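User: I am new to reading protein models. Can you take me through this one, term by term?

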Amino acid sequence: MEHSKKTMYSSGDRKDSSADGGAVLNGHFDGMVKRPAVASPAEPGAHRATSSVMESWKEERTRSLEDNEMSLPSLAAAYTTILRGLGEDPQRQGLLKTPWRAATAMQFFTKGYQEKIIDVLNDAIFDEDHDEMVIVKDIDMFSMCEHHLVPIFGRVHIGYLPNKRVLGLSKLARIVEIYSRRLQVQERLTKQIAVAITEALQPTGVGVVVEATHMCMVMRGVQKMNSKTVTSTMLGVFREDPKTRDEFLTLIRS
């Protein structure tokens, strides 16, 4: 399958539309189009494995604004303990408000726990007779390494082949924001983004590539300043068809 036409936008472009959204189930849109198989005949186990992965991310972990307010004092107290453990004096002028600042900052860094996919995708899935590749590339991403609680930052590239339905372009960046603003490992983040798009749209295929710098490798440990980690998830025709996959990889690097 070759695709001579494609629609490609940078993360700064906008496309405004309005229409009624579909039904939802478990925080994701209920599919109106049968989800295409992601395994080729030569890989009978691949579809079962991917389906299992999809099911594992249907359950949303959420945190409410009320939870933030209730947990803020204990988070601030924990940062006070950390400052003391580091040999600092939490009562000196420069650190008096640091525990509260750090606590509110950490809640912002992990605000993805208090957001749901349904809140992002509502009224943003449109019936459209378009079956050529759509790419949004260079989406800025900030996350937190769940092993060391230090930043991960980089770019996300997303492509999909619609199956009679398209997603508002800004919503792709919002999906990235929801999953990246959590404690993460890059491998899981990449798959969560791809699976969320697949569940919402049931497209012919989805490709996601994440390029990121991990401060746990830059500031500590091996301290390699120029190292980058690249991960990818390919589903549907992006996994089955080398030509489609190569087209996507070529376009995101152009």
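Analyst: Start with angles: under 35 degrees counts as roughly parallel, over 145 as roughly antiparallel, 65 to 115 as roughly perpendicular, and the rest as oblique. This is a predicted model, where local features need pLDDT of at least 70, side-chain atom pairs count only at pLDDT 80 or more, and totals for chains, interfaces and linings use all residues. Residues are numbered from 1 along each chain as its sequence is written, and side-chain values use heavy atoms, without hydrogens and water.

User: Why are helix 2 and helix 3 called oblique to each other?

Analyst: Helix 2 (residues 65–85) and helix 3 (residues 98–109) pack at about 125 degrees. That angle falls outside the other classes, so the pair is oblique. Their axes, lines fitted to C-alpha atoms over the stretch in contact, with angles from 0 to 180 degrees between N-to-C directions, are 8 Å apart.

User: Which residues of helix 2 meet helix 3?

Analyst: Among them are Leu 72, Ala 76 and Tyr 79, and helix 3 offers residues including Trp 100 and Met 106. Contact means heavy atoms within 4.5 Å.

User: What makes a set of residues a nonpolar core?

Analyst: Its members are buried Ala, Val, Leu, Ile, Met, Phe, Trp, Tyr and Cys residues joined through side-chain atoms within 4.5 Å. Buried means under 20% relative accessible area (1.4 Å probe, protein chains only). The largest core here has 40 residues, and Ile 175 is one of those with the most contacts inside it. Helix 6 (residues 186–201) gives the most, eight residues. Ile 175 touches residues including Ile 117, Leu 167 and Ile 193.

User: How do you know where confidence is low, under 50?

Analyst: pLDDT is the predictor's confidence in each residue, from 0 to 100. It stays under 50 over residues 1–58. The chain mean is 83. Where pLDDT is low, the predicted coordinates should not be read in detail.

Technical notes:
Buried means under 20% relative accessible area, exposed over 50%, partly exposed in between (1.4 Å probe, protein chains only). Helices (H or I, at least four residues) and strands (E, at least two) are DSSP runs, numbered from the N terminus. Lists of a residue's contacts leave out its neighbours within four places in sequence.
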